[in-house]
Amino acid sequence: MSDFKPPVEQQPVVQCVPPSPSQFDLLMQEYGVTLKDELQQRSANLEAEVILTNTASQVVCVERRVNEKLARAVKEYNFLSNCVTVYTGQDLEGLTGTVAQAQTKYTSVKTSFDAAVSAIKTAKSKVGLVNTLAGKLKDAVADSCNSEELKLIRENLSKGGPNKKTIEDSVQEFVQYAEKIVNQADDVAQAAVKVAGINAFVNIDNLAALIATAKTDGGKLITDVENNVKNSQKKYDDSRKPLGDALKALSTASTSKNKAWVLKDADVATSKFVEDKNCNGGGCQKLDDISEEAEGAYENPNCGTPGEPQENEA
């Protein structure tokens with residue numbers, strides 16, 4: 001038996017330590033430069049989206065205030081229409097009818113009063129004449145030139161029986177009665193003057209003209225309120241679309257801003273990973289570790305030859 005041993009072929013030594021910097025390091029370094037430029041662009045995009053969102057929010061604020069102001073106007077004009085102008089129109093109609101009736105009655109009363117005043121004037125004139133004649137009669141009795149006539153009058157009066165008044169007493173009584181009538185006529189005339197003053201103060205004709213003016217002005221108020229009710233309602237309805245569009249624009253801008261924010265945060269996290277190569281406490285594994293896990297799994301009975309019974313099978 002020969003002791004010859006064939007020479008053992010030398011296997012080349014495998015270099016397990018990668019060169020430094022490795023291709024992975026170079027790749028990560030190049031990617032980091034790209035991420036830096038991308039991060040600047042993301043930051044600029046986020047800033048622009050924030051401005052757009054703030055602008056959209058201000059537009060929504062303005063449109064909402066306009067809408068709320070118009071809503072208050074609609075409410076106020078509806079209140080005026082339902083609680084003021086409706087009753088105003090009804091009251092003006094009632095006042096017009098009342099004044100018309102009062103005017104008719106006033107005309108009748110005034111006609112009667114004017115006739116009464118005329119009668120009072122006539123009566124006062126006649127009473128004044130009686131008073132004048134009474135005075136003349138009194139003077140005639142006292143006049144000595146009328147002695148013969150007075151003698152005859154006294155003789156006739158004596159035939160009337162006892163307890164008859166003398167002519168002097170009768171004349172004096174007549175004079176007093178005439179003066180009383182004159183005083184009463186003066187009182188009636190003074191009362192008529194007061195009534196005339198009251199009528200002049202009341203002046204239903206002027207009141208009717210005033211009511212007519214009030215009715216015209218009230219009609220203008222009612223028309224104005226009704227027009228404002230319609231106009232304010234239309235403006236309110238029209239303001240709802242701009243408000244809705246502004247809310248949609250704000251929603252779109254907010255979504256775009258949030259998207260830009262997320263993308264920027266993602267680039268920041270990726271840049272930090274590329275810079276630090278830190279997998280947050282071992283989340284990444286080396287190839288050797290992966291190989292060992294694979295080998296351990298292959299040696300595990302659960303990974304035996306297909307068809308071969310397993311230990312844990314019944």
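The legends below accompany several close-up views of a predicted model.

**Figure 1. Overall view of the protein chain, a predicted model built from five helices and zero strands.** Read from the N terminus on, the elements of the protein chain follow the order α-α-α-α-α. Of its 314 residues, 16% count as buried, and the chain exposes about 24,100 Å², of which carbon and sulfur atoms supply 58%. When contacts between residues at least 6 apart in sequence are considered, 85% of them join residues at least 24 apart. Two of the helices recur in the views that follow, namely H1, which covers residues 23-142, and H4, which covers residues 204-276.

**Figure 2. Close-up of the largest nonpolar core, a set of five residues.** The members of this core are Ala 56, Val 60, Ala 246, Leu 250 and Ala 253. Helices H1 and H4 each supply at least two of these residues, and the largest share, three residues, comes from H4. In soluble globular proteins, nonpolar side chains tend to be buried together. Within this view, Leu 250 can be followed outward to its contacts: once neighbours within four places in sequence are left aside, Leu 250 is in contact with Thr 53, Ala 56, Ser 57 and Val 60. Two of these partners, Ala 56 and Val 60, are themselves listed in the core.

**Figure 3. Close-up of Asn 67 and the residues that it touches.** Asn 67 is found in helix H1, and its relative accessible area of 11% is under the 20% limit, which means that this residue counts as buried. When residues up to four places away in sequence are not counted, Asn 67 touches Tyr 236, Ser 239, Arg 240 and Leu 243.

**Figure 4. Close-up of the salt bridge between Arg 42 and Asp 267.** A search of the whole structure finds five salt bridges, and in one of them the side chains of Arg 42 and Asp 267 meet at 3.1 Å, N to O. Because Arg 42 lies in helix H1 and Asp 267 in helix H4, the pair ties together parts that are 225 residues apart in sequence. The two partners fall into separate accessibility classes, since Arg 42 counts as partly exposed at 22% relative accessibility, whereas Asp 267, at 8%, counts as buried. Side chains of opposite charge can pair when their charged atoms come close.

**Figure 5. Close-up of two salt bridges within helix H4, one between Asp 238 and Lys 234 and one between Lys 241 and Asp 245.** In the pair formed by Asp 238 and Lys 234, the closest N and O atoms are 2.9 Å apart, and both residues lie in helix H4 at a spacing of four residues, about one turn of the helix. Asp 238 is partly exposed, with a relative accessible area of 41%, while Lys 234 is exposed, with a relative accessible area of 54%. In the pair formed by Lys 241 and Asp 245, the closest N and O atoms are likewise 2.9 Å apart, and these partners too lie in helix H4, four residues apart, about one turn of the helix. Here Lys 241 is exposed, with a relative accessible area of 57%, and Asp 245 is partly exposed, with a relative accessible area of 36%. Elsewhere, salt bridges that share partners join Glu 38, Arg 42 and Asp 267 into one network.

**Figure 6. Close-up of Ala 44 and Ala 260, a pair separated by 216 residues in sequence.** The C-alpha atoms of Ala 44 and Ala 260 are 9.4 Å apart in space. Ala 44 lies in helix H1 and, at 39% relative accessibility, counts as partly exposed.

**Figure 7. Views of Cys 61 and Cys 83, shown for a structure in which a search finds zero disulfides.** Cys 61 has a relative accessibility of 31% and counts as partly exposed. Cys 83 also counts as partly exposed, in its case at a relative accessibility of 41%.

Key. Residues are numbered from 1 along each chain as its sequence is written. This is a predicted model: local features need pLDDT of at least 70, side-chain atom pairs count only at pLDDT 80 or more; totals for chains, interfaces and linings use all residues. Side-chain values use heavy atoms; hydrogens and water are left out. Buried means under 20% relative accessible area, exposed over 50%, partly exposed in between (1.4 Å probe, protein chains only). A nonpolar core is a set of buried Ala, Val, Leu, Ile, Met, Phe, Trp, Tyr and Cys residues joined through side-chain atoms within 4.5 Å. Contact means heavy atoms within 4.5 Å. A disulfide is a pair of cysteine sulfur atoms within 2.5 Å. Accessible areas come from the Shrake-Rupley method with a 1.4 Å probe; for residues, only the protein chains shown count as cover. A salt bridge is a side-chain nitrogen of Lys or Arg within 4 Å of a carboxyl oxygen of Asp or Glu.
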